[in-house]
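Got your viewer open and ready? Let's walk through a few helices together, one selection at a time.

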Amino acid sequence: GTAGASGAGGAVSVTAAAGGSGGGGGSLGGAVIDGYVENTLVFIDADGDYVWDTNEFWAITNASGAYTLNYTGSIAGLKIVTDGSYYYDAVTKTVYTDAQATALGLSSDYLVSAVDVTTRAVVDSAMVSSTGSGYITPVSTIYAYAEAAGAGGGATLLNSMGLSAVDLTYDPSATINTNANAATMLKTGASLLTMVSNAASLVSSAGGVSADVAVKSVFSQIASLGTGISDLLSTNSATSQTKLTAVLQNSLTNANSSIDISSFTDVIAATSQSVNAVTNALQNLSSAAIKAGSHLSIAATGQTTLLADIKSVAALVAAGDATAAAKITALGTDYSSANVTTLAASAATKLAFNTQDPTNPIKTFADSVTISAPVGSAVVQRFDILKNDTITVAGVTATGAAALDLAAVGIFTANARNGS
């Protein structure tokens, strides 16, 4: 089997959210929000394992992060879960499990990555709704984890963050000017997802576990903090870094109990320092700054630039590479508080550039190719150009035969395919 329900998109319909009654089925709607997350697989988690199975109803979010799920039977008490990296055939509207994709030999052309449309960050950390709401955010996720560990745990977390269960029932982006806690929801969500994505990268590489296991381990550790989550999100850098270091250590040992944590002291410290510099910048933003969108470039820095660096360092450490020590040191200097401000400004420029103005679209008129070879070696001329392009060399014109790799140009829409 493959897909279990209908395809993408739809308007938000909170009144039909998860946990609804009735045995005859129906539909429910909501949205996935860090910024709005596009192309996320959203499913009703029938067996509670946070992994999509072929018998579970699903939908895919649109550019507004919205989804509508059609289902049969009762879904009372079930969670709505996301999967930000999955195999999908947009032509047949079929979702495949990883095992099915491997058995069928599906290429990476079918692998879809969910993307935050406001930061352009890939969002592949599985998130969860709170029971009774169709809105899925980093905050709803730690609430769900805490409630799963013990009734009332989620409420304790929310209260310690200055939030309540009501804040899980609306879209903070759309209601930034009308809901008193919307700004707190956005900067808290951005901080949590920055922590989870970077911490999970380290846990996966250093702990030798899958990305899914790593994400669950980090969310679980954050959810277990109780009132201590206020320290993790403190505007005092020393306080928040100490708590984040403990989360990293516990996430590693929770994911792999046989790990020698002392072997990773330096990379844990550098990861904690660099991630904390980003999240501390987020937590120090005022509500007015959040309303102005200042959090987006900082979140983009943490969830793209920093994440790439931590992935690289974690891989070197896991491989025992001799260059890892220098890279670990560089993390601390490259992501000082002052440098985060500079990096965020650069990210803001990139985000503005990538926002296409329909009245003045970005156009590419020409490409240039430079070929070089070692002295004494023959130059082999290879031009990997597109089918609808030509290139002329020494008076000879050739027509392209290659295809465009969408991933290379940052196009992640599930409805696109590599082409000419």
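**Stop one: a pair of helices side by side**

Start with α10 and α11, which are roughly antiparallel to each other, because angles over 145 degrees count that way. Select residues 324-334 to light up α11, whose axis comes within 9 Å of the α10 axis and crosses it at roughly 155°. The crossing, as α10 passes α11, is left-handed. Now show side chains: Leu306, Asp309, Ile310, Val313, Leu316 and Val317 on the α10 side make the contact with Ala324, Lys327, Ile328 and Leu331 on the α11 side. Sorted by class, that contact has 8 nonpolar residues, no polar ones and 2 charged ones. Keep in mind as you look around that this is a predicted model.

**Stop two: along α10**

Stay with α10 and select residues 294-319, which make up the whole helix. How far apart are its end C-alpha atoms? They lie 37 Å apart, and that agrees with the 38 Å that its 26 residues should span at 1.5 Å a residue. Next, click on Leu307, where α10 bends by about 40°. Then move on to Gly320, just after α10, which takes a positive phi of about 70°.

**Stop three: α4 and α8**

Select residues 182-207 for α4 and residues 265-283 for α8. These two pack at an angle of about 165°, and their axes are 9 Å apart. α4 and α8 are therefore roughly antiparallel to each other. Here α4 passes α8 in a right-handed crossing.

For the α4 side of the contact, pick Lys187, Thr188, Ala190, Ser191, Thr194, Met195, Asn198 and Leu202. Their partners in α8 are Val267, Ile268, Thr271, Val275, Val278, Thr279, Leu282 and Gln283. How many of the residues in this contact are nonpolar, polar and charged? The split is 8 nonpolar, 7 polar and 1 charged.

**Last stop: α2 against α4**

Keep α4 selected and add residues 138-149, which form α2. The two helices pack at about 70°, with 8 Å between their axes. That makes α2 roughly perpendicular to α4. To see where they touch, show Pro138, Val139 and Ile142 from α2, along with Met185, Thr188, Gly189, Leu192 and Leu193 from α4. This contact has 6 nonpolar residues, 2 polar ones and no charged ones. You may recognise Thr188 from the previous stop, where it was among the α4 residues that meet α8.

Conventions:
Residues numbered from 1 in each chain as written. Predicted model: local features only at pLDDT ≥ 70, side-chain atom pairs only at ≥ 80, totals over all residues. Heavy atoms only, no water. Helix = DSSP H or I, 4+ residues; strand = E, 2+ residues; numbered from the N terminus. Expected span 1.5 Å × (residues − 1). Bend = angle between axes of the 7 residues up to and from the residue. Axes fitted to C-alpha atoms, helices over the stretch in contact; angles between N-to-C directions. Parallel < 35°, antiparallel > 145°, perpendicular 65-115°, else oblique. Left-handed = near helix turned anticlockwise from the far one by under 90°. Contact = heavy atoms within 4.5 Å. Nonpolar A, V, L, I, M, F, W, Y, C, P; charged D, E, K, R; others polar.
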